[in-house]
Amino acid sequence: MIDFHSHILPNVDDGSKSYEETIQLLKEAKNAGFDKIISTSHYAQDCFEVPEYKRNGVIDELNEEENLPQIFLGSEIFLTFNILELLHEYKASTINKTNYILFELPLRHQFINLKTVLNKLKEENYRLILAHPERYSVVQKDFKFLYELQEMGVLFQSNYASILGVYGLSAKLTVKKMLKNHLVSFLGTDVHRANSIYPKVPLAIEKISKIISNEELEDLTTNNANKVLNNEDIN
Ligand SMILES: [Fe+2]
């Protein structure tokens, strides 16, 4: 399996706080069944701004450790109007140097002129993936917003632990509805701390497998992420 969303790199954002914690996380990931992890450290202006070359250095070092999952470059980019600049200047990263980007929005309020920014990204051939839609209040209310984004070609990544109620009841009900309506393309842990999400992944998968087919589960946990890593189209 491929973990599509993680804050596994040490001292880059609000995720892992040390190299040791990162090693612990990688061991937990392996136990949960992951052999690849996309490191989607936050890139948020004025808050988390570790540029690509620095993160790449840490990833190279970690990938030399034996018998642990392989780590890939990525970012979880907090959407701002200058996102193209951040990408052009190799501050924020696409996933594994492909055209795919993972972005997040404010959890509780609307992003003004969202479509204008997304269209600008699309004009430059970026392919867009929204992180954990089930956590946004606008999505929890109804799916109009999701369908509008889907119409624009945006794909959706949900968090494993949402189905367990880790982010509240609304997120749990919303992810269930998203899965039932085949709106999820990728699953990720969004892990920040050791001994938190990874041990919960098997139970989350058990619950998710009651909603979607084994074939679709394989797509969400592995196949679609592999396509992204290779810059291939999803469906
Ligand atoms: Fe995240």
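# Exercises on a predicted model

Strand 6, helix 7 and strand 7 form a β-α-β unit with a right-handed crossover. The model is a predicted one, and the exercises below begin with this unit and then turn to other parts of the chain.

## Exercise 1. Strand 6 and its partners

Task: Determine how strand 6 is joined to strand 5 and to strand 7, and decide whether its residues are buried or exposed.

Solution. Begin with the pairing on one side, where strand 5 (residues 127–131) and strand 6 run parallel and are joined by three bridges; within this pair, Ile129 has Leu155 as its bridge partner. Next take strand 7 (residues 186–188), which also runs parallel to strand 6 and is joined to it by three bridges, with Ser158 bridged to Leu187.

Now consider the side chains. In a regular strand they alternate between the two faces of the sheet. Accordingly, Leu155, Gln157 and Asn159 point one way from strand 6, while Phe156 and Ser158 point the other way, and all of these residues are buried. Since five of the five residues of strand 6 (residues 155–159) are buried, the strand is largely enclosed by the rest of the structure.

## Exercise 2. The two sides of helix 7

Task: Establish which residues of helix 7 are buried, which elements they pack against, and what span is expected for the helix.

Solution. The length comes first: helix 7 has 12 residues, which at 1.5 Å a residue should span 16 Å, and the distance of 17 Å between its end C-alpha atoms agrees with this. The buried residues of helix 7 are then Ala171, Thr174, Val175, Met178 and Leu179. Because they cover an arc of only 135 degrees around the axis, they lie on the same side of helix 7. An α-helix has 3.6 residues a turn, so residues three or four places apart point the same way.

The packing partners of these buried residues are helix 5 (137–141), strand 6 and helix 8. On the other side of helix 7, Leu169 and Lys180 are exposed. Just after the helix comes His182, with a positive phi of about 55 degrees.

## Exercise 3. Helix 1 and what covers it

Task: Find which residues of helix 1 are buried, what covers them, and which residue with a positive phi follows the helix.

Solution. In helix 1 the buried residues are Thr22, Leu25, Leu26, Glu28, Ala29 and Ala32. Viewed down the axis of helix 1, they fall within an arc of 165 degrees, so they line one face of the helix. Their cover includes strand 1 (2–3), strand 2 (36–43), helix 2 (52–63) and helix 8, whereas the face turned away from the buried side carries the exposed residues Glu20 and Asn31.

As a check on length, the 14 residues of helix 1 (residues 19–32) should span 20 Å at 1.5 Å a residue, and the end C-alpha atoms are 20 Å apart, which agrees. The helix is followed by Gly33, which has a positive phi near 110 degrees.

## Exercise 4. The surroundings of Tyr198

Task: Locate Tyr198 and work out whether it is buried or exposed.

Solution. Tyr198 sits in the loop between strand 7 and helix 8 (201–208). The cut-off for a buried residue is 20 or more other C-beta atoms within 10 Å; Tyr198 has 26 and is therefore buried. Once neighbours within four places in sequence are left aside, its contacts are Leu25, Glu28, Ala29, Ala32, Thr189 and Val191. Among these, Leu25, Glu28, Ala29 and Ala32 also belong to the buried residues of helix 1.

## Exercise 5. Positive phi outside glycine

Task: Place Asn67 and Asn231 in the chain, and state how exposed Asn67 and Asn231 are.

Solution. Most residues other than glycine have a negative phi. Asn67, although not a glycine, has a positive phi of about 60 degrees; it lies in the loop between helix 2 and strand 3 (70–78) and is exposed, as 7 other C-beta atoms lie within 10 Å. Asn231 likewise has a positive phi, near 60 degrees, and belongs to the segment after helix 9 (214–229); with 14 other C-beta atoms within 10 Å, Asn231 is partly exposed.

## Exercise 6. The chain as a whole

Task: Decide whether the radius of gyration of the chain agrees with that of a compact globule.

Solution. A compact globule of 235 residues would have a radius of gyration near 18 Å, and the 16 Å of the chain agrees with this. The C-alpha trace spans about 45 × 45 × 30 Å along its principal axes, and 43% of the 235 residues are buried.

Definitions and conventions. Residues are numbered from 1 along each chain as its sequence is written. This is a predicted model: local features need pLDDT of at least 70, side-chain atom pairs count only at pLDDT 80 or more; totals for chains, interfaces and linings use all residues. A residue is buried if 20 or more other C-beta atoms lie within 10 Å of its own, exposed if 12 or fewer, and partly exposed in between; C-beta atoms are placed from the backbone. Helices (H or I, at least four residues) and strands (E, at least two) are DSSP runs, numbered from the N terminus. Two strands pair if DSSP finds at least two bridges between them. A crossover is right-handed if, with the strands pointing away from the viewer, the path from the first strand over the helix to the second runs clockwise. The radius of gyration is taken over C-alpha atoms; the globule rule is 2.2 Å times the number of residues to the power 0.38. Two residues are in contact if their C-beta atoms, placed from the backbone, lie within 7 Å. The expected span of a helix is 1.5 Å times one less than its number of residues. The arc is that of the directions from the helix axis to the C-beta atoms.
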